[in-house]
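Reader: I've got a model open and I'd like to learn how to read it. Can you walk me through the strands, the domains and the ligand shell?

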Amino acid sequence: MPAPQHTSSVDLAARLKVLARSCVVVAVTPLSPSLVEVVLRGDAVDLAGVAGNDVMVLVHDGDIAIRRRYTVRALDPEEDTFSLWISLTHDGPASRWARHAHVGDVVDIVGPRGKIFLEESADWHLFIGDVSSLGAFYRLAQSIETPGRAIFIVEIDDPVDALTATFDEELGVTAIFVDRNGRGHDDPAGLLSGLAALTLPPDEGHAYLFGEFHVMRTLKSALLDRGLNATQVSLKAFYRIGQSNGPNGEPSKDD
Ligand SMILES: Cc1cc2nc3c(=O)[nH]c(=O)nc-3n(C[C@H](O)[C@H](O)[C@H](O)COP(=O)(O)OP(=O)(O)OC[C@H]3O[C@@H](n4cnc5c(N)ncnc54)[C@H](O)[C@@H]3O)c2cc1C
């Protein structure tokens with residue numbers, strides 16, 4: 001495997017106690033108008049970690065190298081590959097990188113990252129987000145020990161974005177795909193209506209909220225109003241409308 005392209009990646013990975021590797025793009029597959037799958041080869045088992053983990057991808061914004069985070073969708077240990085599902089619904093350095101990625105490209109990766117994992121003790125798992133969170137949700141749901149229940153409420157930009165996945169047949173699965181219908185990415189109305197349509201199952205559940213900063217905050221409040229307590233909600237802002245994520249790949253947390 002070639003050395004990482006950027007020395008800063010080696011330093012960053014040492015600080016974070018994770019890996020810095022150069023991976024090779026082995027497939028680029030458009031999945032829908034809003035999502036492309038990029039498959040990378042190289043140290044896949046270690047970089048992909050466990051369900052919920054993401055990797056930092058080094059991309060270029062003009063002459064400046066910045067990092068963007070993408071959650072691992074799936075791991076194939078035999079092929080030494082892992083895949084990312086990348087949203088193309090906006091224009092940014094990373095969406096441009098994904099749009100123009102080619103087989104054979106070498107990509108600087110730091111990982112695994114992330115602190116949100118499956119809450120194993122939960123009887124049901126509720127995943128709420130948009131197309132950028134679909135890959136994360138499907139890997140998490142595929143790691144649920146059966147019998148169990150996965151519920152998805154996902155806002156989509158195009159009907160074809162309602163991509164499905166294969167789950168253990170003993171897993172109960174409910175999916176609500178909400179059409180965006182021209183609403184902004186910072187408008188929570190669509191996901192709130194999806195949540196309102198859902199009767200939460202009895203017993204103990206856990207919710208995973210991945211998506212736009214303001215929308216996810218609003219959905220967390222709605223879940224608390226529905227009787228979940230804060231420890232039952234894992235929230236990760238993936239991006240913040242109108243602002244680029246920082247060079248470390250994180251959206252601003254300022255109010
Ligand atoms: C831990 C973590 C895991 C993530 N996993 C995934 C993943 O698996 N798949 C995925 O697609 N994204 C994922 N994201 C989100 C992704 O990193 C951001 O969307 C990132 O901002 C894209 O970078 P960019 O350079 O294209 O755009 P930026 O330069 O960050 O932003 C440019 C403009 O586009 C807007 N924008 C950015 N992202 C979006 C979006 N998704 N939808 C609408 N508008 C947007 C911004 O508000 C800004 O106005 C993750 C983020 C984090 C923090």
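Reader: Let's start with strand pairing: how many bridges join β8 to strand β9?

Author: Two strands pair if DSSP finds at least two bridges between them. Strands here (E, at least two residues) and helices (H or I, at least four) are DSSP runs, numbered from the N terminus. In this case nine bridges join β8 to β9 (residues 171-179), and the two run parallel. One bridge partner pair is glutamate 155 with valine 178 in β9. Keep in mind that this is a predicted model, where local features need pLDDT of at least 70 and side-chain atom pairs count only at pLDDT 80 or more, while totals for chains, interfaces and linings use all residues. Residues are numbered from 1 along each chain as its sequence is written.

Reader: Which strand pairs with β8 over seven bridges?

Author: That's β7 (residues 124-130), again in the parallel sense. Phenylalanine 127 has phenylalanine 152 of β8 as its bridge partner. To get from β7 to β8 the chain passes through α4, and this β-α-β crossover is right-handed. Right-handed means that, with the strands pointing away from the viewer, the path from the first strand over the helix to the second runs clockwise.

Reader: Why is β8 largely enclosed?

Author: Count neighbours: a residue is buried if 20 or more other C-beta atoms, placed from the backbone, lie within 10 Å of its own, exposed if 12 or fewer, and partly exposed in between. Strand β8 (residues 148-156) has seven of its nine residues buried, so the rest of the structure largely encloses it.

Reader: On to domains. Where are their bounds?

Author: Bounds like these come from an automatic or database domain assignment. Here the assignment gives domain 1 (7-113) and domain 2 (124-239). Their C-alpha centres lie 23 Å apart. The contact (C-beta atoms, placed from the backbone, within 7 Å) takes 15 residues from domain 1 and 14 from domain 2. On the domain 1 side, β4 and β5 are the elements that give two or more residues, and β4 has the largest share with four.

Reader: And how many residues surround the ligand?

Author: A residue is near a molecule if its C-beta atom, placed from the backbone, lies within 6 Å of it. The shell holds 31 residues, the closest being Ser87, His90, Gly92, Ala94 and Ser244. Both domain 1 and domain 2 supply at least three residues. Elements giving at least two each include β5 (81-87) and α3 (93-99).

Conventions:
Contact = placed C-beta atoms within 7 Å.
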